[in-house]
Amino acid sequence: MKVIKGTTALQSVVRGVFSRQMISNLHDTATRIASSCRCHNSRVGYKYLLSSVILVQSLSRGRAVRKDYAEIIHMCISLQSVVRGTLMRRKLSLQQESARRIQSMCRRSNRLANFKLHISRRMIRGLLARKNIYRKHEAVKRMQILCAR
């Protein structure tokens, strides 16, 4: 019975050692599993955080680009309006200068026509006056010839 008790005690010790080794192995395995889960959760969280940061950055950059684009469009519109205004003022100035020249030429033509008409009338009046004077001289000469006889 002593042998049985010794064998049972030895078996109990061996089972205890195996049991503790198994518990230690299970504990190590559980630790590795927990570490692996934490690592996985950490990687997933990091990826989510990274994708969130990238999304925020892209939205921010997109907003900045749209704001810059709007400013550029506004500047282009302002520049276009200035250029169009300048071109229109030049065109209007050219039209006004052309109208002035045409009016000046028309007035000159009218003045010249009036002047020629005035000169023609003066010439006709002068011619008629000279003819009248010539007739009067002729009449005086005839009277003098008649009186001298």
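The questions and answers below go through the helix, the salt bridges, the cysteines and the surface of this predicted model.

Me: How are residues numbered, and which pLDDT values do local features and side-chain atom pairs need?
Reply: Residues are numbered from 1 along each chain as its sequence is written, and side-chain values use heavy atoms, with hydrogens and water left out. Because this is a predicted model, totals for chains, interfaces and linings use all residues, whereas local features need pLDDT of at least 70 and side-chain atom pairs count only at pLDDT 80 or more.

Me: How many helices and strands are there in the chain?
Reply: Helices (H or I, at least four residues) and strands (E, at least two) are taken as DSSP runs and numbered from the N terminus. Counted in this way, the chain has one helix and zero strands.

Me: How far apart are the end C-alpha atoms of H1?
Reply: The expected span of a helix is 1.5 Å times one less than its number of residues, so the 147 residues of H1 should span 219 Å. The model agrees with this expectation, since the end C-alpha atoms of H1 are apart by 213 Å.

Me: What is the radius of gyration of the chain?
Reply: Along its principal axes, the C-alpha trace of the chain spans about 215 × 10 × 5 Å. The radius of gyration is taken over C-alpha atoms, and the globule rule is 2.2 Å times the number of residues to the power 0.38. For 149 residues that rule gives 15 Å, and the chain is more spread out than a compact globule because its value is well over this, at 63 Å.

Me: What percentage of the 149 residues of the chain count as buried?
Reply: Buried means under 20% relative accessible area, exposed means over 50%, and partly exposed lies in between (1.4 Å probe, protein chains only). In H1, the residues Gly 16, Gly 62, Gly 85 and Gly 126 are buried. Of the 149 residues of the chain, the share that counts as buried is 3%.

Me: Which residues are joined into one network by salt bridges that share partners?
Reply: A salt bridge is a side-chain nitrogen of Lys or Arg within 4 Å of a carboxyl oxygen of Asp or Glu, and the structure holds three of them. The side chain of Glu 97 meets that of Arg 100 at 2.6 Å, N to O, and it also meets that of Arg 101 at 3.3 Å. In the remaining pair, Glu 138 and Lys 141 are three residues apart in helix H1 and therefore separated by about one helical turn. Salt bridges that share partners make one network of Glu 97, Arg 100 and Arg 101.

Me: Is Arg 101 buried or exposed?
Reply: Among its salt-bridge network, Glu 97 is partly exposed, with a relative accessible area of 30%, and Arg 100 is partly exposed too, at 46%. Arg 101 has a relative accessibility of 55%, so this residue counts as exposed.

Me: How many disulfides does the count come to?
Reply: A disulfide is a pair of cysteine sulfur atoms within 2.5 Å. The cysteine sulfur closest to that of Cys 37 is in Cys 39, and because it is 10.0 Å away, it is too far for a bond. Cys 39 is likewise in no disulfide, and by this rule the count of disulfides comes to zero.

Me: Which residues make the nonpolar surface patch of about 300 Å²?
Reply: Patches are made of residues with over 30% relative accessible area and no salt bridge, where like charges are joined within 9 Å and nonpolar side chains (Val, Leu, Ile, Met, Phe, Trp, Tyr) within 5 Å. Val 14 is partly exposed, with a relative accessible area of 35%, while Phe 18 counts as exposed at 53%. The nonpolar surface patch of about 300 Å² is made by Leu 10, Val 14 and Phe 18.

Me: How far apart in space are Phe 18 and Cys 147, C-alpha to C-alpha?
Reply: Phe 18 is found in helix H1, and in sequence Phe 18 and Cys 147 are 129 residues apart. In space, C-alpha to C-alpha, the distance between Phe 18 and Cys 147 is 188 Å.

Terms used:
Areas by Shrake-Rupley, 256 points an atom, 1.4 Å probe, with all protein chains shown as cover.
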